[in-house]
Amino acid sequence: MKIAIYFPGVGYHADKPLLYYSRDIAREAGYEEYRSIAYTCSVKKIRGDMDKMKRAFEELYMQTEDALKDIRWDEYDDVLFVSKSIGTVIAITYALKYDIKNARQVLYTPLAETFTATNAPKDLKAVAFIGTKDPWSDSAKVVELAEALNIPIHQYEGVNHSLEGDDTLKNLEIMRDVMAKTKDWIG
């Protein structure tokens, strides 16, 4: 059996393009079951404030624990975690805590903390995507951290934390490329 779990960002819910289309791709790849986490974050104005980021992570992680408490991971042959922004930190932390060895990760716009705060192992099965104008991340640092863990990371020039820029048609081309790479990676 296959299951896909979706870990959104604070302001990027599961019905936004990256998570919406990747859910369709996972379904096409035979993931019979999926679950999307829905967060409520009381912490505001998080960007650039490490204390608030930590508090937000802790709050959202507890909600994740509650949302996934009934899943018996040993019943699944294939586990796919698809995450966005702070959800990337939560997804890796969760997989490591519960020792879900068959979990594969799709990391959309990961933060530096995705790799540093989680003590992500070098054998992490993941692929990542980031924009060069992501206001939430030092994209060069994120690329360096991902590459140090042998995680393929795809960087998109001139786009933000949603992998979007000012040109709608270019945004659609980027989304198509991201989804094609996601589909290739999921298999």
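**Aromatic pairs, a pocket and selected residues**

The charged end of Arg 104 is placed over the ring of Trp 185, at 5.0 Å from its centre, where a charge is taken to sit over a ring if NZ of Lys or CZ of Arg is within 6 Å of the ring centre and within 35 degrees of the ring normal. A second case of this kind involves Lys 2, which lies over the face of Tyr 31 at 4.9 Å from the ring centre. The model is a predicted one, in which local features need pLDDT of at least 70 and side-chain atom pairs count only at pLDDT 80 or more, while totals for chains, interfaces and linings use all residues. Residues are numbered from 1 along each chain as its sequence is written, and side-chain values use heavy atoms, with hydrogens and water left out.

A pair of aromatic rings is described by the distance of the centres and the angle of the planes. Rings of Phe, Tyr and Trp (its six-membered ring) are paired if their centres lie within 6.5 Å, and the planes count as stacked when under 30 degrees apart, as edge-to-face when over 60 and as tilted for the rest. Ten aromatic pairs are found when the whole structure is searched. One of them is formed by Phe 7 and Phe 81, which meet edge-to-face with 4.9 Å from centre to centre and 65° between the planes. Because Phe 7 lies in strand E1 (residues 2-7) and Phe 81 in strand E3 (residues 78-84), this pair ties together parts that are 74 residues apart in sequence; here helices (H or I, at least four residues) and strands (E, at least two) are DSSP runs, numbered from the N terminus. Both Phe 7 and Phe 81 are buried, a term that stands for under 20% relative accessible area, whereas exposed stands for over 50% and partly exposed for values in between (1.4 Å probe, protein chains only).

Trp 73 and Tyr 94 form another edge-to-face pair, with 5.9 Å from centre to centre and 65° between the planes. This pair links distant parts of the chain, since Trp 73 is in the loop between helix H2 (50-68) and E3 and Tyr 94 is in helix H3 (residues 86-97), 21 residues apart. Trp 73 and Tyr 94 are also both buried. Ring pairs join Phe 7, Phe 57, Tyr 61, Trp 73, Phe 81, Tyr 94 and Tyr 98 into a cluster. Two members of this cluster, Phe 7 and Tyr 94, are touched by Thr 64, as are Ile 37, Tyr 39 and Ile 90, residues up to four places away in sequence not being counted; contact means heavy atoms within 4.5 Å. Thr 64 belongs to helix H2 and is buried, with a relative accessible area of 0%.

Attention now turns to the space left open in the model. Rolling a probe the size of a water molecule over the atoms shows where empty space is left. The largest pocket holds about 260 Å³ of space, and among its 17 lining residues Gly 9, Val 10, Gly 11, Ser 85 and Trp 136 are the closest to its centre. On a 1 Å grid over the protein atoms alone, a pocket is an open set of points where a 1.4 Å probe fits, with protein on both sides within 12 Å along at least five of seven lines, and lining residues have an atom within 4 Å of a point. Grid points are joined across faces, edges and corners, and the volume is the space filled by probe spheres set on the points. The lining comprises eight nonpolar, five polar and four charged residues, with Ala, Val, Leu, Ile, Met, Phe, Trp, Tyr, Cys and Pro counted as nonpolar, Asp, Glu, Lys and Arg as charged, and the others, Gly among them, as polar.

Ser 85 and Trp 136 are also contacts of His 161, which in addition touches Lys 84, Thr 109, Leu 111, Asp 134 and Pro 135, again without residues up to four places away in sequence. His 161 is found in the loop between strand E6 (153-156) and helix H6 (168-186) and is buried, at a relative accessible area of 11%. Although His 161 and Lys 84 are 77 residues apart along the chain, their C-alpha atoms are separated by 9.3 Å.

Most residues other than glycine have a negative phi, and most peptide bonds are trans. Leu 163, in the loop between E6 and H6, has a positive phi of about 60° although it is not a glycine, and Leu 163 is buried, with a relative accessible area of 1%. Asp 99, likewise not a glycine, has a positive phi of about 50°; it lies in the loop between H3 and strand E4 (103-108) and is partly exposed at 47% relative accessible area.
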